Amino acid sequence: MTDATVYLNGKFMPQNEAMISPLDRGFLFGDGIYEVIPAYDRKMVGFGPHIARLQSSLTAIGINLGWPDEKWRTILSELLAQNSGDSLAVYIQVSRGVSPKRQHGFPDNVEPTLFMMCYAIKAPVNYDDNNNNKGLALVSQQDLRWRQCHIKSTSLLGNVLHYQSSQDHKVDECLLYNEGNQITEASSCNVFVVKDNQVFTPPLDSQLLPGITRAIVLDLLKKHTDYQVMEQNISLEHARLADEIWLTSSTKNIARAITLDGENIADGKIGKVYIQINSLFNKFKYDY
Ligand code: PDD
């Protein structure tokens, strides 16, 4: 996006004019948090829960920005208005700021660095007509990330290495499992498994991000379908026997997987529960 407008520390500006010091702790230590909010036709999906998660990430790492929700809404709406494109992700990053010297401890009297930008994402696809039959290929990998995955930290090296390894395996994403062989998540998505008309997703703890799309999907299933929905551990073996596997995130929405470690998931065809949740998401996404 050449004409992109970004927001940095109180000012809107062309992206190529935004400059941050190399002494910023976000650069030196990955000492910051971030948020990604999808917006279609400039309407944000899940603004309230995304900002609530942003505030709790800030609290978790001891940064006090002091922005009320309405201030976020005003600035984000302005940023969206100043950028072109119908399907955009709004990216927000807050780092601890620029310290005069490199030191591990939190520096005193340093203002956080606040950066925001938009980038293009795909609009949610309607699968009802069965035309779009593309799905994701997954590779299983032991989760080698840090132990506080519930914080939306900018320290994403573990996630980046997992994702790149999936690309090196010529697949789309990885399915991560912990030392007890229980699924945690994918490198940048939550995971759902459908088996015998029951829908499972791992329970929230420090091994996974409390995804906003995950929460929306759980709510939609409970409100609009009769499927039994369970936040419950899923073993890798259970996942191999799944009827359907979905990955959810703010940029992928609900994406279905078709293979795991080279084997088809069930018959590899589009799942009936997937078609339902996908159309519920398309219909009700702005209610969140
Ligand atoms: N990633 N798990 C991880 C590790 C993630 O990075 C993400 C999102 C999710 C899904 O969360 P949500 O539904 O709130 O987007 C789960 C974003 C999109 C990213 O890093 O770009």
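Which domains give residues to the shell around the ligand, and where does that leave the ligand? In this predicted model, domain 1 (5-120) and domain 2 (130-287) both contribute to the shell, so the ligand lies between them. The ligand also sits in the largest pocket. Looking at secondary structure, the elements that supply two or more residues to the shell are β3 (32-40), α2 (47-60), α5 (212-224) and β12 (244-249).

Now for the residues themselves. There are 20 residues around the ligand, and those that come nearest are Y34, E185, I212, T213 and S250. Sorted by class, the shell is made up of 11 polar, 5 nonpolar and 4 charged residues.

Some of these neighbours meet the ligand through polar atoms. Y34 places a polar side-chain atom 2.6 Å from an oxygen atom of the ligand, and T213 likewise has a polar side-chain atom 2.6 Å from a ligand oxygen. With E185, the partner is a nitrogen atom of the ligand, which is 2.7 Å from an N or O atom in the E185 side chain. As for how much of the ligand is covered, on its own it has 480 Å² of accessible area, and the protein covers 91% of that.

How values were computed:
Residues are numbered from 1 along each chain as its sequence is written. This is a predicted model: local features need pLDDT of at least 70, side-chain atom pairs count only at pLDDT 80 or more; totals for chains, interfaces and linings use all residues. Side-chain values use heavy atoms; hydrogens and water are left out. A residue is near a molecule or strand if one of its heavy atoms lies within 4 Å of it. A polar contact is a pair of N or O atoms within 3.5 Å; within protein, one must be able to donate a hydrogen and the other to accept it, and residues adjacent in sequence count only if both atoms are side-chain atoms. Accessible areas come from the Shrake-Rupley method with a 1.4 Å probe; for residues, only the protein chains shown count as cover. On a 1 Å grid over the protein atoms alone, a cavity is a set of points where a 1.4 Å probe fits but cannot get out, and a pocket is an open set with protein on both sides within 12 Å along at least five of seven lines; lining residues have an atom within 4 Å of a point. A molecule sits in a cavity or pocket if more than half of its atoms lie within 2 Å of its grid points. Helices (H or I, at least four residues) and strands (E, at least two) are DSSP runs, numbered from the N terminus. Ala, Val, Leu, Ile, Met, Phe, Trp, Tyr, Cys and Pro count as nonpolar, Asp, Glu, Lys and Arg as charged, and the others, Gly among them, as polar. Domain bounds come from an automatic or database domain assignment.
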